[in-house]
Amino acid sequence: MTNVLDTQGVSKKFSGIMAVHDLSISVDAGESVGLIGPNGAGKTTFFNCVLGVLRVNAGVVRLAGDDVTEMPVHARARRGIGRTFQRIELFAESTVREHLLIAERTRRRDGGLWKDLIGRGRPRADEIAKCDEVLELLGLRDVADEPIEHLSLGQGRLVEVGRALMTDPKLLLLDEPTSGLDRQETADLAITLRAVQEHRQFAILLVEHDVEFVSSFTQRSYVLDFGQLIASGPTQDVLRDPQVRAAYLGVEEISS
Amino acid sequence: MTLAATLGSDLLRALLQGTPPGTVYALIALGFVLTYKTSGVFNLAFGAQASISAAMYYKAHTDWRWPILPALIVSVFVLAPGVGLLLERLVFRHLRTASSVAKIVVTLGLSIAVPSIFELVFQFQGVAGRTPEGIVPNGAGVYYDPFGVYPFSRNELMTMAVAVTAMLGLAALFKFSALGLQMRAVVESPRMTELNGIRADRVSALSWALSSSFAGMAGVLIAPRFNTLAAPDFFNLVVVAIAAAVLGKLVSLPRALVGGFCLGWIIALLGTFLPRWSRTQTWLRPFQENLTPSVPFLVLFGVLVFWPAIRRAREASDPLSGVDPPPSSVGSGARGASRPRFSRVIGLALLVGIGVIVFIRADTSWIFLVTQAVVMSTIYLSVTVITGLAGQISLCQGTFAAIGGFTVFQLADRHGVSVLLAAVIGAVIAAAVGAVLSLPVLRLGGVWTAVATLAFAYLFDSVLVKISWICGGGTSLLQGTRVPRPVVGPWDFADDRSFLVLTVIVFIVVAFAVTQIRSGTVGRTLSAISGSEVAAESIGISPARARVTAFAVSAFIAGLGGALLSIHQRNVNYGSNFSPFAALFWLVLVVSLGARTVQGAAQAGAAFSLFDTLILRGTFMGWILRSSKRIPEIFPINPKWRFVFFGLGTIQFARHPEGLVEHGKRQMRRRVDALRKRRTGSGGSIDDASPVSTPQPSSEPSNETDTAVVPVGETTR
Amino acid sequence: MTELLRFANVSAGYGPFRALFDVSFDIQPGEAVALLGANGVGKTTIARVATGLLAPSSGTVTFGGTDLTGAAAHRFARAGVAHAPEGRSVFATLSVEENLRLSFRRSKGRAGVDAAVGQAFELFPALGQRHRQIAGTLSGGQQRMLAMARVIVEEPRLLVADELSLGLAPIIVDEVYRNLDRLRQHGCALLIVEQHVGHAVALCDRAVVLDRGRTTWIGPADQASERLVRNLFQTESPMENSPTE
């Protein structure tokens, strides 16, 4: 079977400095994979290379077997990469449901100027039903008509997830989904995400600093340090690796 | 041999001739870059600042008969820095965290308001035909010819001397003084300067004063060349300055300086050699006269389109910029606050009532004004689309409208095509031009879209308008582009009343289309993009495609409106209707009143053609008092006040992008809500029938402290 | 009231994004305190609040007994707080000497500038050799030295050092920490933000461990790394030989 995501030898340089060096990872359909490492390890850079925000200097990014290395962000999104943002990115002054509706309409690709002009641009009943299904799944039904300005950060994060889900992603990239959330919100998010993933069957690639979240959420993890892969394998094992702990603490050995 | 010698002396002459204007361009480019770098404001009001100093000098020296030196001191060293300090203190300091697009809109408003304020305060009439004097006696009459090829006038020599002195002074200030060092530090990073214990805002204010003096100096020096003191002519200066500044990538003062000189030389070289080449190359002939003045716009447009790296010039500069909260977005949020049905019906009834009264009772001049208001409202809907929906600032809406107007003229007057068909064709052509233009322009984004469209508007203004087969040749600037009124079957729209009906129908159709687009896929896509572009991309939206659509639709509406305006006035009247500076006022007006709604566009249209007659002349007051004799003494108010009023109205745009009217309404509604909450249960609500009041996005600053989440595009309001 | 710097129930954030919740700690005069925690827990935010770059949304910040809550950064600087921010911390377009002059002109007055510049070049001869070089063309280590030179000569009462070791070669990091130690000898208090704990723990008296914008532990620096490990990897039984809670 083919991997959902497959990168080979991805490298990215910033003014001479290798931010990501020769990184090859793969994510299978439906699995959850962690991408961890200390500050400045290149996780976000690599994320952006996968998403198409950054162009790689070398290497290949494949989505479900297709080479997407040269594709822009929105084209990759249409091929099945959804994402959430570390610093939450929602559409100003729109309601929760409107976020999902525009994502659904974009996925269907059957809207346009002429349809708008003849009055067929408004949300259709089946679209609304589909959005409400996802809202239900995420527990956002009660706030569906609220402008996002009225939500908590945790709910905002779920709106991002919901918006991404409307595109029927094969792979969801979560960029530090717990940042800014407190313990309780983090725990709730983990429960909701797991439930949704079970229901919708998509793969997750997770960048996260909260090791607890990563270890409870992912089966496998890749660990980066200085732009290079220093460990990979089952998350529990990786986290027990002294080399990984040393990377996090920036010292040679920490077992005192 | 002789040929080479002539060529050499011609070249030398061109270079000498280009040097005096080059120094002025350099001067103004320096000032522009200084402001841009120390405060991040892309100051399009720079030309306005130059113009008031020039006007002040004229007023003091020519009208009041002051000697040269005191007049110069007052205009360049008192007025100019004072205005700079005031602008910084009263306006831009408070807009520090606003988006760059919001700031550019404010500077546009100031471009219109500042000269008008000056003219009102000093009772100055900035019309063409007044010949300003230079800063030396008999400056235009005495010549010196040091090289035997080009005689410099005394004005030109003085210009060069003063400008070079100013530049050397600036260089010395930067190199050797503590203040200069601080300015350079602020240029790089205001925050890091603060960390050194230096008050960055004070340094920034001083550099505003300094750059404003540069503007004033340039204004006084260049005025004798312009042969006019009208503010629009000085607005060109800022475009020239930007052109020079982008040659230096906008970041480097020395390169801006070189850019200024280069522009001066290029213009002079073209002026020298182009006539010669066009003797053999006949295709050049139509361009010959027009190309030279358009060089800065051509350069600017070319640089922006072919060198997109320029837009990243500033973004990466301040290493500590992460501290600022993200700026609020400009457009989007077109989610019409649900208005109570009851009051909507009342409003509509009132409007229809007024319409009927106007239709039956009004005399020719009122019919004319009302028709104009309706047509302008139609044009303004194009701003609603591009700015209100797509969040882009386009400064070439006047050009799109002119394309519509000229197409009708060409097709109807010259080729006998049916007028209404010609209007639609004009709109289609405008849409095509808009779409093609948007391809390179929208890659730029933000401020650069505004600048590139402005450059395009000036390019059209200085080259294309004068080409006979496009726009009707040189005469089209004022008159001579006759446009007939349409005759459709039994209806002859030469009659003003029936034409009014036609324009109202067109407006309603276009307004309906705009609301359809807004609530449809295109509108919601655009709203998503201006809400958060990265998030929109992440769900598969292609921003480029959506913006091409927005540009094309907007240009179509502008073209249609422009065609109607020309039909209404029976002439294109390019100069007074569609010139780039005239069209600036459109944007300022719409943005002031509300760029997001159809109502905003309608109000802007009404304000454009009726504000003066109705309010400022006291007519409305007279109606209320039921006698035109009882109109208070303060009427008639000088019509320039509307430039001041609406120009300054843009300042609030940075904080309330929904516009004055919508903002006022929200405030009102919030107050009504609060009142109702206080007396809960009391029945007789006056105007509200909706069971659940729509929650209003709170815009109080205290918002930051509660846990509500606001999207990144929309924080400090 | 003997504390030099005091955070009392400080919350702060960027727009809607809240990075600090109710943080309280203090620094005594001459004391070195390390801020530890994973990326994104709010260390840099504390550094920015402590130097006036960011105003807290609630709580108070006092320095030397004066309430500076919400004051502009230049007032913190004038009160004696120096900040070595994360990443580039010199003016890249100014020369080495101009970088120093800019700062000394304010702190030492017109008369003291030359002497102060001389002193800086004496301490860091490498900088003296390059005094006309544009700072942006210096290597990362040299830039850090320039920032240090400025701070050492100015003798602030508190230095807030944000990720000083990030992106530097180990040998330079050692040098940086030697200079920090020198500052301490002169009585300057230190607030050190580090993700890599080794050096910081060796230098500091106390440590503040952060998690999700909250302080989870304040105590002697030498116990900090163990706390941190537990914080980071708390899901399983932490280290084989770490004490049970």
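These legends walk through several close-up views of a predicted model. Residues count from 1 along each chain as its sequence is written, and chains are lettered from A, with ligands numbered from 1, in the order in which they are written. Local features need a pLDDT of at least 70 and side-chain atom pairs count only at pLDDT 80 or more, while totals for chains, interfaces and linings use all residues; side-chain values use heavy atoms, with hydrogens and water left out.

**View 1. A:Arg83 and A:Asp175 form a salt bridge.** Side chains of opposite charge can pair when their charged atoms come close. Here a salt bridge means a side-chain nitrogen of Lys or Arg within 4 Å of a carboxyl oxygen of Asp or Glu, and the structure holds 37 of them over all chains. In this pair, the closest N and O atoms are 3.8 Å apart. A:Arg83 sits in strand β7 (residues 81-84) of chain A and A:Asp175 in strand β8 (residues 171-175) of chain A, so the bridge ties together parts that are 92 residues apart in sequence. Helices (H or I, at least four residues) and strands (E, at least two) are DSSP runs, numbered from the N terminus. Are these two residues buried or exposed? Both A:Arg83 and A:Asp175 are buried, where buried means under 20% relative accessible area, exposed over 50%, and partly exposed in between (1.4 Å probe, protein chains only).

**View 2. A:Glu127 forms salt bridges with A:Arg105 and with A:Arg124.** The side chains of A:Glu127 and A:Arg105 meet at 2.9 Å, N to O. This pair links distant parts of the chain, with A:Glu127 in helix α5 (residues 125-138) of chain A and A:Arg105 in helix α3 (residues 96-108) of chain A, 22 residues apart. A:Glu127 counts as buried because its relative accessibility is 1%, and A:Arg105 is buried at 1% too. For A:Glu127 and A:Arg124, the closest N and O atoms are 3.8 Å apart. A:Arg124 is partly exposed, with a relative accessible area of 22%. Elsewhere, salt bridges that share partners join A:Glu104, A:Arg107, A:Arg108, A:Asp126, A:Lys130, A:Asp168 and A:Arg200 into one network.

**View 3. Strands β10 and β11 of chain A form a hairpin.** Strand β10 (residues 220-225) and strand β11 (residues 228-234) pair in the antiparallel sense over six bridges; two strands pair if DSSP finds at least two bridges between them. Which residue is the bridge partner of A:Val223 in β11(A)? The partner is A:Ala231. Two residues lie between the strands, and A:Phe226 in the turn has a positive phi of about 50°.

**View 4. A:Arg109 and C:Asn9 each have a positive phi.** Most residues other than glycine have a negative phi. Phi of A:Arg109 is near 55°, and this residue lies in the loop between α3 and α4 (113-117) of chain A. A:Arg109 is exposed, with a relative accessible area of 54%. For C:Asn9, phi is about 50°, and the residue is found in strand β1 (residues 5-14) of chain C. At 41% relative accessibility, C:Asn9 counts as partly exposed.

**View 5. B:Thr407 is found in helix α15 (residues 397-415) of chain B.** B:Thr407 counts as buried, at 10% relative accessibility. Which residues touch B:Thr407, leaving aside its neighbours within four places in sequence? B:Thr407 is in contact (heavy atoms within 4.5 Å) with B:Ala412, B:Ala422, B:Ile425, B:Gly426 and B:Ile429.

**View 6. Chain B and chain A meet at an interface.** The contact takes 44 residues from chain B and 41 residues from chain A. Together the two chains bury about 3,600 Å², 61% of it on carbon and sulfur atoms; buried area is the accessible area (1.4 Å probe) that two parts lose on being put together, summed over both. How many salt bridges are there between chain B and chain A? The count is zero.

**View 7. Confidence varies along chain B.** The predictor's confidence in each residue is called pLDDT and runs from 0 to 100. Chain B averages 80, and 85% of the residues score at least 70. Among the parts of chain B, helix α11 (residues 285-291) has the lowest confidence, at a mean of 64, and helix α22 (residues 543-569) the highest, at 93. Over residues 325-338 of chain B, pLDDT stays under 50. Where pLDDT is low, the predicted coordinates should not be read in detail.
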